[in-house]
Amino acid sequence: MSKIFTPVNQIRLTNVAVVRMKKAGKRFEIACYRNKVISWRNKLEKDIDEVLQTHTVFMNVSKGQVAKKEDLIKAFGKDDQTEICKEILEKGELQVSDKERHSALDSMFKDIATTVADKCVNPESKRPYSVSLIEKAMKDIHFSVKPNRNAKQQALEVITQLKTVMPLERAQMRLRVLVSGKEARKLREKIVKLTTKVESEDWNSGSLDLVCLIDPGHYREIDELVRAETKGSGVLELLNLKEITEGEEVLE
């Protein structure tokens, strides 16, 4: 039996996600593993070998047509395949079917709603909302998912929008701050400005014992304040990650 001849500039790949870029009048494509492109763009995946099926730039992935060296140099100013793959991965357009796109958007919509439900409560009752109730509210305000941004970033944005249609606030953290020495009073003033409520405040021989509620977004700032102002001698203790009353909130 005679051998079947396969041209050397053709590589056949299956089950691929294609990222495409047009440059210098030519089309360039790379073959990636499904679900890895978004992970790379969100900096969750750091290993390029986990993303690329092959460190090869194509003119057409489905036909296995490899890009010519002179075309790469003309378009990208170099012929380093891996570096060009990274550029296409970063700036190119991910080719997905309508069904895949719809499924990915649905999944991200649910992830965003789950993040909001986890981070927020009804400010009056301190009870959390169910994920399905948050999803319904997101649909009511016609929130549209941005596929190129991660779920956490979009959750923080949608919280602001949801406040216009429902009572909602970030669940509070309960902190305890222990500070002694002459910095205590000066530091207290700075910390109180970042709290939503001071629950207790005790002074004993010039030492401060403060328990307060804060928005989680201020935790890092307070932590850095206590470290810097006390040169490491102050103590910041996290008593509750979230100030929540058990049981879900129900909207009538």
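At what angle do the axes of H4 and H6 cross? Keep that in mind while you get oriented; we'll come to it shortly.

**Get your bearings**

What you have open is a predicted model. Colour it by secondary structure and you should find 8 helices and 11 strands. The protein has 252 residues, and buried ones make up 37% of them. If you switch on a surface, you are looking at about 15300 Å² of accessible area, with 49% of it belonging to carbon and sulfur atoms. Take the contacts between residues at least 6 apart in sequence: 65% of those join residues at least 24 apart. Keep an eye on residue numbers as you go.

**Stop 1: H4 against H6**

Select helix H4 (98–119) and helix H6 (151–162). Here is the angle from the opening: the axes cross at roughly 65 degrees and come within 9 Å. The crossing is right-handed. Now show side chains. On the H4 side, the contact is made by Met108, Asp111, Ile112, Thr115, Val116 and Lys119. H6 brings Ala151, Lys152, Gln154, Ala155, Val158, Ile159 and Leu162. Colour this set by class and you get 8 nonpolar, 2 polar and 3 charged residues.

**Stop 2: bring in H5**

Leave H4 on and add helix H5, residues 131–140. The axes of H4 and H5 come within 8 Å and cross at roughly 115 degrees, and this crossing is right-handed too. From H4, pick Phe109, Lys110, Ile112, Ala113, Thr114, Val116 and Ala117; they meet Val131, Ile134, Glu135, Met138 and Lys139 in H5. By class, that contact has 8 nonpolar, 1 polar and 3 charged residues.

Which residues of H5 are buried? Select Leu133, Ile134, Glu135, Ala137 and Met138. Turn H4 and H6 back on around them, since both are among the elements that cover these buried residues.

**Stop 3: the charged residue in that list**

Zoom in on Glu135. Its side chain meets that of Lys110 in a salt bridge, 3.0 Å from N to O. The partners come from distant parts of the chain: Glu135 sits in H5 and Lys110 in H4, 25 residues apart. How do the two compare for exposure, buried or partly exposed? Glu135 has a relative accessible area of 13%, so it counts as buried. Lys110, at 43%, is partly exposed. As a bit of background, side chains of opposite charge can pair when their charged atoms come close.

**Stop 4: out of H5 and on to the loop**

Follow the chain out of H5 and you reach His142, in the loop between H5 and H6. Check its backbone: phi is near 55 degrees, a positive value in a residue other than glycine. With a relative accessibility of 69%, His142 is exposed.

**Stop 5: more salt bridges**

The structure holds 17 salt bridges, so here are a few to click on. Select Glu157 and Arg149, whose side chains meet at 2.3 Å, N to O. Glu157 is partly exposed, at 27% relative accessible area, and Arg149 is partly exposed with a value of 27%.

Next, select Arg188 and Glu201, another bridged pair at 2.6 Å, N to O. Arg188 belongs to helix H7 (residues 183–192) and Glu201 to strand E9 (residues 195–204), with their positions 13 residues apart in the chain. Arg188 is buried at 18%, while Glu201 is partly exposed at 30%.

For a group rather than a pair, pick Arg20, Arg27 and Glu29: salt bridges link them in a network.

**Last stop: E9 and what follows**

Stay with E9 and select Asn204, which lies in that strand. Asn204 is exposed, with a relative accessible area of 57%. Put a distance line from its C-alpha to that of Ser180 and you should read 9.1 Å, for two residues 24 apart along the chain.

Then click on Ser205, in the loop between E9 and strand E10 (207–214). Which sign does phi of Ser205 have, positive or negative? Positive: about 55 degrees, although Ser205 is not a glycine. Like His142 at Stop 4, Ser205 is exposed, here with a relative accessible area of 75%.

Methods. Residues numbered from 1 in each chain as written. Predicted model: local features only at pLDDT ≥ 70, side-chain atom pairs only at ≥ 80, totals over all residues. Heavy atoms only, no water. Buried < 20%, exposed > 50% of the residue type's maximum accessible area, 1.4 Å probe, protein only. Helix = DSSP H or I, 4+ residues; strand = E, 2+ residues; numbered from the N terminus. Contact = heavy atoms within 4.5 Å. Axes fitted to C-alpha atoms, helices over the stretch in contact; angles between N-to-C directions. Left-handed = near helix turned anticlockwise from the far one by under 90°. Nonpolar A, V, L, I, M, F, W, Y, C, P; charged D, E, K, R; others polar. Salt bridge = Lys/Arg side-chain N within 4 Å of Asp/Glu carboxyl O. Areas by Shrake-Rupley, 256 points an atom, 1.4 Å probe, with all protein chains shown as cover.
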